[in-house]
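Below are my notes on this model, set out as numbered points. Please read them alongside the coordinates.

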Amino acid sequence: MSASPWPLVWLSLRRDRRSALASTFGLAVGVASLVFFVALGLGVGRVVREKVFPVDARLVEVVPASFSLGLLGGGVLDEAAVGRLEALPGVARAYRKMNVRAPAVSVYRGDFFGRPLHMGLEVLAVGVEPDFVVGDVVVGAFADPGPDQPIPALASTRLLEIYNKSFAPQRSLPQLSGQLLAGFVFPVEFNRSFVTAPPPGAAAIPCRAQLVGVSDRALLAGITIPLEVARRLNRAANADADAYSAVTLEAKDPSAVPGLVAAVRAMGLEVDDQERRQAERAGAAVAICTSSLALVSLLVCVLAAFNIAHAFSAAVRAREKELGVMRAVGATRAALFRLVFVEALVLGLAGGALGTLVALLAGVAADAAAASMLPAFPFKPESWFSTPAWLLAGGLALGVVAAAAGAFLPARRAAASDPARVLAG
């Protein structure tokens, strides 16, 4: 027998094409299902993490406790509390935040990027340290420009997405980008509200705000302005301009976050992890759905492995005389085992490659169908799928492993052929 099994492998596969095609098809179905659903789960999970809930794993949002006995100075976020937070092990930087504690409205009348617009709405504003959002400012400086100058403001990236995909189409307004918005000026009046009465004797504070960029770290339902501007506006409105609304801790490493959370709570403060928990719940729901569908796909692969075992068992019985002759002319048991096993590996590799290719093509087709059939909505991705290299390699490996598992016992039976009995019989 030749040292290389390949000539006999190709001969055997060509001789029993129907069985080989059936085995390959079964593996391809299982691999394609698994790769398709895992890629879909990874893609949807990526959208949740990066667009719907873009949570930085290193950030911890500290807020005043809703109830505190005042032990260890807890319950109030003043400069002393910020100093203690900065001194915690694992903290790289602490960023102060202060809400503008006066109500505000914006009434816009005029041209809005080529379309007339007349709209009034309540405005929330939070002041942050410039370093917290420095990478997102594209126009001017993020600092207090003085009382008579437009206030630099950042809008939320997610708010812009909601505007483009939901608000703008319903009102025939133009689609906008962060670059296009940069420099846009609009009026804001503090100490005024459409829904609540301002404090007695409080005078309205008319201002202008200028968008200087968009940011994932900006307030979702309002504008984010420099901390010193928020402090100045609170003083003008006779509101608290010393205590901070929140402090964002940046950990040196994500692994330090659990320890920071425990230390913050021991200080009598709280951690606002609502978005993190929402992201985790959404991610868990996606993972559960993906795992369920992947399990069904794995069961298909197991059935394909049983089908290969049955097909190769029948093939070994049918080739019993042929295998006996090979043993009689000098083929070793290991050579016969290798012959049958390599045949299965070839089918497994073909099934894995075909299934992976089908999954990729199905993903492309699904993306095209979604783009043409689904209406635009916030956070709609260009692709619903993510196909990292390890997933493609896993599809190939799954086909090979399933085929190897199914062919192991038939290959052992082929290696155990007794040439004397077979030739005598």
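1. Leu159, Ile162 and Leu220 make up a nonpolar surface patch with about 200 Å² of accessible area together. Patch members have over 30% relative accessible area and no salt bridge, nonpolar side chains being joined within 5 Å. Leu220 lies in the loop between β8 (205–215) and β9 (223–226). Leu220 counts as partly exposed because its relative accessibility is 33%, between the limits for buried (under 20%) and exposed (over 50%), with a 1.4 Å probe and protein chains only.

2. This is a predicted model: local features need pLDDT of at least 70 and side-chain atom pairs 80 or more, while totals for chains, interfaces and linings use all residues. Residues are numbered from 1 along each chain as its sequence is written, and side-chain values use heavy atoms, without hydrogens or water.

3. The largest nonpolar core (buried nonpolar residues joined through side-chain atoms within 4.5 Å) has 32 residues, and Phe112, Phe186, Phe190, Ile225 and Leu233 have the most contacts inside it. Elements supplying at least two residues each include β3 (104–112), α4 (157–171) and β7 (185–190). β8 gives the largest share, 5 residues.

4. Phe112 touches residues including Leu117, Tyr163 and Phe184, not counting those up to four places away in sequence; contact means heavy atoms within 4.5 Å. A second, separate core has 22 residues, among them Val62, Ala81, Met98 and Val271.

5. Is Ser245, in the loop between α6 and β10 (246–251), buried or exposed? Ser245 is buried, at 17% relative accessible area. Its side chain reaches the backbone nitrogen of Asn99 at 2.7 Å. Beyond four places in sequence, the contacts of Ser245 include Val62, Leu77, Met98 and Arg101.

Technical notes
Patch = residues over 30% accessible without salt bridge, like charges linked within 9 Å, V, L, I, M, F, W, Y side chains within 5 Å. Areas by Shrake-Rupley, 256 points an atom, 1.4 Å probe, with all protein chains shown as cover. Salt bridge = Lys/Arg side-chain N within 4 Å of Asp/Glu carboxyl O. Helix = DSSP H or I, 4+ residues; strand = E, 2+ residues; numbered from the N terminus. Polar contact = N/O pair within 3.5 Å; in protein donor to acceptor, adjacent residues only side chain to side chain.
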